[in-house]
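Here is a protein chain to explore together. Take a look at the sequence and the 3D picture, then read on for a guided walk through some of its details.

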Amino acid sequence: MKKRHILMMITLLFVAIALVACNTKEQLAPMQALQNKYNEITSASGIVQTISIKRGGLMQFESEKTYSKTQDGYTVTGSEKRWNNSSASEPFTTTHINEQVGTAVGAAPTLKLNASYFEEGFRLTEAGLVATVKQQNVKDVFGVGDSDLKAPTSDLMLELSVSAERLASVRISYTSNGSNVVITLSMNY
């Protein structure tokens, strides 16, 4: 009789373990979890995008755009400031932006995260990712073709920061034709 009780207890224990295992949410690999957070940018109520291009101390281009979510897409406000050539009467041309767009595609680039795309020594934690993209994988990371990449890039650094289980910011920096390019996205949810 005791053997029968012990056998039944062991069987019930295995059934309980199996039920708990089935109900546990599958854990994603850290890189895939970060990719999923990046893919959720469209749920942000606002995205601030800043771009600066400098050569030494000379600002060649500067842009700040705010994408505010509306019922039909996004309201985009901000400005772009471009350095004029030497024959222009003004050193800069400033363009003010106030438009409606259907999606935030212009705010956030396509991003494909894969550990094999990054130089050795990248840091991936619960707080985000800091990585140098291998030169041969720049097009893979951003999902672009040869014709889409207008200028050469080198030393491309990618930083993603997570706060409160959401992607808070993205920073992309690189050198192109002697100019330093920095693109930053900040999300509000």
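Which element of the chain has the lowest mean pLDDT, and which has the highest? Helix H1 (residues 2-23) sits at the bottom with a mean of 50, and strand E6 (residues 128-132) comes out on top with 96. In case the term is new, pLDDT is the predictor's confidence in each residue, on a scale from 0 to 100. The helix and strand labels are DSSP runs numbered from the N terminus, where a helix (H or I) needs at least four residues and a strand (E) at least two.

So yes, this is a predicted model: local features need a pLDDT of at least 70 and side-chain atom pairs count only at 80 or more, while totals for chains, interfaces and linings use all residues. Residues are numbered from 1 along each chain as its sequence is written, and side-chain values use heavy atoms, with hydrogens and water left out.

**How sure is the predictor?**

The chain averages a pLDDT of 85, and 83% of the residues score at least 70. Residues 21-25 are a weak spot, with pLDDT below 50. Beyond near neighbours in sequence, that stretch has zero contacts in the model, a contact being heavy atoms within 4.5 Å.

**Strand E9 and its partners**

Now find strand E9 (residues 179-188), where the side chains alternate. Ser179, Val181, Ile183, Leu185 and Met187 point to one face and are buried. Asn180, Val182, Thr184, Ser186 and Asn188 point to the other face and are not buried. Here, buried means under 20% relative accessible area, exposed means over 50%, and partly exposed is in between (1.4 Å probe, protein chains only).

Which strands pair with E9? Strand E1 (residues 46-55) does, in the antiparallel sense over nine bridges. Strand E8 (residues 166-176) also pairs with E9 in the antiparallel sense, over eight bridges. Two strands count as paired if DSSP finds at least two bridges between them. Thr184 is a handy landmark in E9: it is the bridge partner of Thr50, and it is also the bridge partner of Arg171.

E8 and E9 form a hairpin with two residues between the strands, and Asn177 there takes a positive phi near 50 degrees. Ala151 has its C-alpha atom 7.5 Å from that of Asn177, though the two are 26 residues apart along the chain. Ala151 belongs to the loop between helix H3 (138-142) and E7, and its 31% relative accessibility makes Ala151 partly exposed.

**A look at Thr175**

Thr175 is in strand E8 and, at 25% relative accessibility, counts as partly exposed. What does Thr175 touch, not counting residues up to four places away in sequence? The list is Pro152, Thr153, Ser154 and Asn180. The C-alpha atoms of Thr175 and Ser154 are separated by 5.3 Å, with their positions 21 residues apart along the chain. With Asn180, the side chain of Thr175 makes a polar contact of 3.5 Å. A polar contact is a pair of N or O atoms within 3.5 Å; within protein, one must be able to donate a hydrogen and the other to accept it, and residues adjacent in sequence count only if both atoms are side-chain atoms.

**Salt bridges**

How many salt bridges does the structure hold? There are four, a salt bridge being a side-chain nitrogen of Lys or Arg within 4 Å of a carboxyl oxygen of Asp or Glu. Among them are these:

| Pair | N to O distance |
|---|---|
| Lys37 and Glu165 | 3.7 Å |
| Arg82 and Glu80 | 3.5 Å |
| Arg171 and Glu159 | 3.5 Å |

Take the pair of Lys37 and Glu165, 3.7 Å apart at their closest N and O atoms. Lys37 lies in helix H2 (residues 30-39) and Glu165 in the loop between strand E7 (154-163) and E8, so this pair ties together parts that are 128 residues apart in sequence. Lys37 is buried at 17% relative accessibility, whereas Glu165 is exposed at 62%.

Arg171 and Glu159 also form a salt bridge. Arg171 is in strand E8 and Glu159 in strand E7, so the pair ties together parts 12 residues apart in sequence. Arg171 is partly exposed at 32%, and Glu159 is partly exposed at 26%.

Finally, Lys65, Glu80 and Arg82 are linked in a network of salt bridges. Glu80 lies in strand E3 (residues 74-83) and is buried at 16% relative accessibility, while Arg82 is partly exposed at 45%. Among the residues that Glu80 touches are Phe61, Lys65, Thr93 and Ile97.
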